[in-house]
Amino acid sequence: MILHQILRLSSVFRSAVSIHLRRNIGLSAIVFNKAKELDPVQKLFLDKIREYNTKSKQAGGPVDAGPEFQKDMNESLARLQRAYGEGDLTKFPEFKFE
C-alpha cells in the first residue's frame, strides 16, 4: 500500500518536473534567439526593407516609379472606377457591421 502511494507520488512529481523543464527549455531558446545577432542575409534583408520604407515615405508613394508607372496606374484606376463605380480605390474599404 505504501509502495503504491510512493510510486504514484513519484509519477506526479516526475510529470511536474517534466513540464517545468520543458517550459524553461522553451523559454531559454526564445531568449537565446533574441540575444544572438541576426544572420547577415536576414540583416541585409531587414536593412533594405527599412531603407525602402523611408524612401517610400519621402516620395509619398512607390520608390523609383517613373511617369510611365503613374500613367499606367491612373489608367487602371479610371478603368476600375468605370467598372465598379465611384470611390477611392487606393484605400482599403471600411466595413461596418451592425
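**Entry 1: aspartate 47 and lysine 43**

I began with aspartate 47, which counts as partly exposed because its relative accessibility is 34%. The model I am reading is a predicted one. I then looked for a charged partner and found that aspartate 47 forms a salt bridge with lysine 43, with 3.4 Å between the closest N and O atoms. Lysine 43 is also partly exposed, at 42% relative accessibility. I checked where the two residues sit: they are four residues apart in helix α2, which covers residues 40–59, so about one helical turn separates them.

**Entry 2: the remaining salt bridges**

How many salt bridges does the count come to? I obtained three. I recorded one between lysine 48 and glutamate 51, whose closest N and O atoms are 3.7 Å apart. Both lysine 48 and glutamate 51 belong to helix α2, at a spacing of three residues, or about one turn of the helix. For glutamate 51 I noted a relative accessibility of 33%, so glutamate 51 counts as partly exposed.

I next followed glutamate 51 to lysine 55, where the side chains meet in a salt bridge of 3.3 Å, N to O. Glutamate 51 and lysine 55 are four residues apart in helix α2, again about one turn of the helix. Lysine 55 has a relative accessibility of 37% and therefore counts as partly exposed. Through shared partners, I note, the salt bridges join Lys48, Glu51 and Lys55 into one network.

**Entry 3: a nonpolar patch**

Which residues form a nonpolar patch on the surface? I listed Leu38, Phe45, Leu46 and Ile49, which together have about 370 Å² of accessible area. I looked at leucine 46 individually and placed it in helix α2. With a relative accessible area of 30%, leucine 46 is partly exposed.

**Entry 4: aromatic pairs**

I searched the whole structure for aromatic pairs and found two. Phenylalanine 92 and phenylalanine 95 make an edge-to-face pair, with 6.4 Å from centre to centre and 80 degrees between the planes. I then asked whether these residues are buried or exposed. Both phenylalanine 92 and phenylalanine 95 are exposed.

Why is the pair of phenylalanine 95 and phenylalanine 97 stacked? I noted that the ring centres of phenylalanine 95 and phenylalanine 97 are 6.5 Å apart and that their planes lie at 20 degrees, so the pair is stacked. The cut-off that I applied for stacked is planes under 30 degrees apart. Both phenylalanine 95 and phenylalanine 97 are exposed. I therefore entered both numbers for each pair, because a pair of aromatic rings is described by the distance of the centres and the angle of the planes. Ring pairs link Phe92, Phe95 and Phe97 into a cluster.

**Entry 5: the chain as a whole**

I closed with the overall figures. The protein chain has three helices and zero strands, and I read its pattern along the sequence as α-α-α. What share of the 98 residues in the protein chain is buried? I recorded 1%. For the accessible surface of the protein chain I noted about 9,800 Å². Carbon and sulfur atoms account for 62% of that surface.

Note on methods: Residues numbered from 1 in each chain as written. Predicted model: local features only at pLDDT ≥ 70, side-chain atom pairs only at ≥ 80, totals over all residues. Heavy atoms only, no water. Phe/Tyr/Trp six-rings, centres within 6.5 Å; stacked < 30°, edge-to-face > 60°. Buried < 20%, exposed > 50% of the residue type's maximum accessible area, 1.4 Å probe, protein only. Salt bridge = Lys/Arg side-chain N within 4 Å of Asp/Glu carboxyl O. Patch = residues over 30% accessible without salt bridge, like charges linked within 9 Å, V, L, I, M, F, W, Y side chains within 5 Å. Areas by Shrake-Rupley, 256 points an atom, 1.4 Å probe, with all protein chains shown as cover.
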